[in-house]
Amino acid sequence: MDSREQVLDWIEENRDAIVGFLQDLIRIPSVTGEEGEVQKFIARRLKEMGLAVDVFEPDLAALRKHPAFVEVSRGYEGRPNVVGILKGKGGGKSLLFNGHVDVIPAGAPESWQHASWSGDLADGRVYGRGAADMKAGLAAMTMAMKAILDSGIRLGGDVILEYTVDEELSGNGTLACVMKGYKADGGICCETSSMRVQPGSIGRIWFEIKVKGKAAGIQRRWEGVNAIDKGYRVTQAVSDFERVRVGRLSHPLYPDIRGAIPCMVGVFESGSYHSAFPDSCLLKGSMATVPGEDSAAVKKEFVEFIRQKVADDPWLKDHPPEVVFTGYFAEPSAIPADNPIVRVLCRNFTEVTGREPVISGREGAADIRFMNRYGETPTVIFGPGMTEQMHANNEWANIEDLIQATKILSQTILEWCRIA
């Protein structure tokens, strides 16, 4: 039997084991900051597969020296990265898989039809926090490797499997892998992509805007300046900035640019008491950038736009809003759509599914920015998780997508790394 068919048969015969592995991952809560237990489980499974396993905690002091570091509120004690390595026999190219194990909090239990850590099966789906983002991707890349190993196939090129921490708040886990020297001839990040092949991802910039009013007693409120009113004016200016960018920008990976570059205020904080005059306001929000944009230039344009937009306000022109960029930050990133790793992935997508893949840009930030810019590893995004399910209540992943993605990734490994 042909080796490629042998691997595909293994995956088909082991569908329940592949789904079961995803269920196991979901049933270990791994909210950002609490990744330790799931990493122990993954490291154990990789060792059982026969891979060399590197378990290491990111070095916060070393990370702080890197230009791509994002500040965090806690370190990485008990929160290691896990990397599985298969050394090839030679004669093939190396391939790096990347994925994060951390998930966002589950939220209110009553918002879940299936319990958040249940891994329930229903209607062809696996339910639970992280099912789509991105434990389905972790399961696919892991089981694709297991299918090849259990089929007794030796590879020419090396394969590296990265399971990183702290993606949701910083991306520092993947950055730590880059700093440790993990790189390859090509990379696949198995983030949510709705089974689309995505050579690029947006960037994300968090901001805060401090708006000052003028204090007054509630009985003589006309002598003050209401910060809520001024904060609303600034919020409108933020929306206007998005409108301008949507009308001006275009990108081949984002034919509908509206979904790619949201700019909005997500938090509006003002006032301290029911019957006290609000004299300050804090707005918190985020904006997105597309590949090719200079983040520093966009930040500068945003600050100037906000100030100009409120310059006709008698109060704000003399007391301009203070814009601070703080918290999460991610550069946009992309590789050419005809990069060799993209072409090989697309070819195997078509062979497995019988249809051409949709090539697009991811409407969310991704850790490919570290591999592309600093890790000498051109990386494409492809995963079975639905982007629309990312951070959703009652989150789920399609079982058929999981199986198809496992097949596609296995065939990509065989072609890229070559059978020894």
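**Close-up 1. Arg 79 and Glu 35, a buried salt bridge in the predicted model.** In this predicted model, Arg 79 counts as buried because its relative accessibility is 3%, and its partner Glu 35 is buried as well, with a relative accessible area of 0%. The side chains of the two residues meet in a salt bridge, in which N and O are 2.7 Å apart. The pair links distant parts of the chain, since Arg 79 sits in the loop between helix H4 (60-63) and strand E2 (81-86), while Glu 35 sits in the loop between helix H2 (15-26) and helix H3 (36-49), 44 residues apart. Side chains of opposite charge can pair when their charged atoms come close.

**Close-up 2. Asp 312 and Arg 233, a salt bridge between a loop and a helix.** How many salt bridges does the structure hold? There are 28 salt bridges in the structure, and one of them joins the side chains of Asp 312 and Arg 233, with a distance of 2.5 Å from N to O. Asp 312 lies in the loop between helix H8 (295-309) and strand E12 (322-324), whereas Arg 233 belongs to helix H7 (residues 227-248), so the pair ties together parts that are 79 residues apart in sequence. Asp 312 is exposed, having a relative accessible area of 60%, while Arg 233 is partly exposed, at 25%.

**Close-up 3. Arg 373 with Glu 331, and a network of salt bridges.** Arg 373 forms a salt bridge with Glu 331, and the closest N and O atoms of this pair are 3.9 Å apart. Because Arg 373 lies in helix H10 (residues 368-373) and Glu 331 in the loop between strand E13 (329-330) and strand E14 (333-334), the pair ties together parts that are 42 residues apart in sequence. Arg 373 counts as exposed at 58% relative accessibility, and Glu 331 counts as partly exposed at 26%. In addition to such pairs, salt bridges that share partners join Glu 12, Arg 15, Glu 400 and Lys 407 into one network.

**Close-up 4. Phe 21 and Phe 41, a stacked pair of rings.** A pair of aromatic rings is described by the distance of the centres and the angle of the planes. The structure holds 7 aromatic pairs, and among them is the pair of Phe 21 and Phe 41, which is stacked, with 5.9 Å from centre to centre and 25 degrees between the planes. Phe 21 is in helix H2 and Phe 41 is in helix H3, and this pair, with its members 20 residues apart, links distant parts of the chain. Are Phe 21 and Phe 41 buried or exposed? Both of these residues are buried. Elsewhere, ring pairs link Phe 207, Phe 241, Phe 302, Phe 305 and Phe 325 into a cluster.

**Close-up 5. Ala 147 and Asn 348, two buried helix residues and their contacts.** Ala 147 lies in helix H5 (residues 131-150) and is buried, with a relative accessible area of 0%. When neighbours within four places in sequence are left aside, Ala 147 is in contact with Val 7, Trp 10 and Ile 11. The C-alpha atoms of Ala 147 and Asp 9 are separated by 9.1 Å, although these residues are 138 residues apart along the chain. Asn 348, in turn, lies in helix H9 (residues 340-353), and it counts as buried at 0% relative accessibility. Not counting residues up to four places away in sequence, Asn 348 touches Arg 4, Ile 408, Gln 411, Thr 412 and Glu 415.

**Close-up 6. Cys 177 and Cys 346, cysteines without a disulfide.** The structure holds 0 disulfides. For Cys 177, which is in no disulfide, the nearest cysteine sulfur is that of Cys 189, 12 Å away. Why does Cys 346 form no bond with the closest cysteine sulfur? The closest cysteine sulfur, in Cys 190, is 14 Å from the sulfur of Cys 346, which is too far for a bond. Cys 177 is buried, with a relative accessible area of 0%, and Cys 346 is buried with a value of 13%.

**Close-up 7. A nonpolar patch on the surface.** Ile 228, Tyr 232 and Phe 268 make a nonpolar surface patch of about 290 Å². Phe 268 is found in strand E10 (residues 263-270), and it counts as partly exposed because its relative accessibility is 37%.

Technical notes
Residues are numbered from 1 along each chain as its sequence is written. This is a predicted model: local features need pLDDT of at least 70, side-chain atom pairs count only at pLDDT 80 or more; totals for chains, interfaces and linings use all residues. Side-chain values use heavy atoms; hydrogens and water are left out. Patches are made of residues with over 30% relative accessible area and no salt bridge: like charges are joined within 9 Å, nonpolar side chains (Val, Leu, Ile, Met, Phe, Trp, Tyr) within 5 Å. Accessible areas come from the Shrake-Rupley method with a 1.4 Å probe; for residues, only the protein chains shown count as cover. A salt bridge is a side-chain nitrogen of Lys or Arg within 4 Å of a carboxyl oxygen of Asp or Glu. Helices (H or I, at least four residues) and strands (E, at least two) are DSSP runs, numbered from the N terminus. Buried means under 20% relative accessible area, exposed over 50%, partly exposed in between (1.4 Å probe, protein chains only). Contact means heavy atoms within 4.5 Å. A disulfide is a pair of cysteine sulfur atoms within 2.5 Å. Rings of Phe, Tyr and Trp (its six-membered ring) pair if their centres lie within 6.5 Å; planes under 30 degrees apart count as stacked, over 60 as edge-to-face and the rest as tilted.
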